[in-house]
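Subject: Structure handover

Hello,

Here is the structure I promised to pass on. Please open it first, then read the notes below.

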Amino acid sequence: MVEITDAELTQAKRRWETERAQRPIPVSVRFDAASGRIVVEFANGAAFMVPARSLEGLAEATDEQLAEVEFLGETGLHWESLDIDYSISSLMNGVFGSRTFMEAQRRGGQSKSPLKIAASRANGAKGGRPRKAAKNS
């Protein structure tokens, strides 16, 4: 095992304090039921909000379950009853779940059903989606 001197430990603590002072420190987190958002407030006065039910695993959560949000250290959010954790920095970067979940969200309403594929191909062969008929007024 590596021995660490008191001077090295003191220097490491100073580096940590300097780095910590340069980043926003979260001071409170809550679920705002009226807007449906998780709100994280920081010591510097900034705040971050994210739609709670847009996060993987929280879509079907009740307001009471969402209100159980708590900090996981200084860097994460945790829902004990749901066994779900998120890093604040990932949420701020738009990562609301696993890669599979995020790809499904990006696709939105796309469907790969055989009927939809066949209809799309038929419309494409005709030059695309038919135009809407103009209303005669």
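**The β5-β6 hairpin and its sheet**

W79 stands opposite I84 in β6. L77 likewise has a residue across from it in β6, namely Y86. Please keep in mind that this is a predicted model.

Four bridges join β5 to β6, and the two strands run antiparallel. They form a hairpin with four residues between them. D83 sits in the loop between β5 and β6. D83 is not a glycine, yet its phi is positive, at about 55°. Is D83 buried or exposed? Its relative accessibility is 65%, so D83 counts as exposed, the cut-off for that being over 50%.

Now look at the other side of β5. Three bridges join β5 to β4, again antiparallel. The bridge partner of F71 in β5 is L77. The hairpin of β4 and β5 has three residues between the strands. In that hairpin, G73 takes a positive phi near 65°.

Together these strands make an open, antiparallel sheet in the order β4-β5-β6. β4 (70-72) and β6 are the edge strands; each has a single partner, so one side of each is left without a neighbour in the sheet. Neighbouring strands here are turned by 35° against each other on average, direction ignored.

Which way do the residues of β5 point? G76 and H78 point one way, L77 and W79 the other. All four of these are buried.

**The other sheet**

Three more strands form an open sheet, in the order β1-β2-β3, with antiparallel pairing. β1 and β3 stand at its edges with a single partner strand each, so each has one side without a neighbour in the sheet. The average turn between neighbouring strands of this sheet is 15°, direction ignored.

β2 and β3 pair over five bridges, in the antiparallel sense. R37 stands opposite P51 in β3.

**The whole chain**

The protein chain has five helices and six strands. From the N terminus on, the order is α-β-β-β-α-β-β-β-α-α-α. The chain has 137 residues, and buried residues make up 20% of them.

**The core**

In soluble globular proteins, nonpolar side chains tend to be buried together. Here the largest nonpolar core has 20 residues. Those with the most contacts inside it are I38, V50, L55, L66, L77, W79 and L91. At least two residues of this core come from each of β1 (26-32), β2 (37-42), β3 (47-51), β5 (76-79), β6 (84-87) and α3. β2 supplies the largest share, three residues.

L77 and W79 are worth picking out on screen. Both are among the residues with the most contacts in this core, and both point the same way from β5.

**The largest pocket**

How much space lies in the largest pocket? The volume is about 160 Å³. Its lining consists of R23, P24, P26, F42, E74, T75, S87, I88, S89 and M92. By class, that is five nonpolar, three polar and two charged residues. Helix α3 (residues 88-92) gives the most to this lining, with three residues. Helix α3 is also one of the elements that supply at least two residues of the largest nonpolar core.

Best wishes

Methods. Residues are numbered from 1 along each chain as its sequence is written. This is a predicted model: local features need pLDDT of at least 70, side-chain atom pairs count only at pLDDT 80 or more; totals for chains, interfaces and linings use all residues. Side-chain values use heavy atoms; hydrogens and water are left out. On a 1 Å grid over the protein atoms alone, a cavity is a set of points where a 1.4 Å probe fits but cannot get out, and a pocket is an open set with protein on both sides within 12 Å along at least five of seven lines; lining residues have an atom within 4 Å of a point. Grid points are joined across faces, edges and corners, and a volume is the space filled by probe spheres set on the points. Ala, Val, Leu, Ile, Met, Phe, Trp, Tyr, Cys and Pro count as nonpolar, Asp, Glu, Lys and Arg as charged, and the others, Gly among them, as polar. A nonpolar core is a set of buried Ala, Val, Leu, Ile, Met, Phe, Trp, Tyr and Cys residues joined through side-chain atoms within 4.5 Å. Buried means under 20% relative accessible area, exposed over 50%, partly exposed in between (1.4 Å probe, protein chains only). Two strands pair if DSSP finds at least two bridges between them. Axes are lines fitted to C-alpha atoms, for helices over the stretch in contact, and angles run from 0 to 180 degrees between N-to-C directions.
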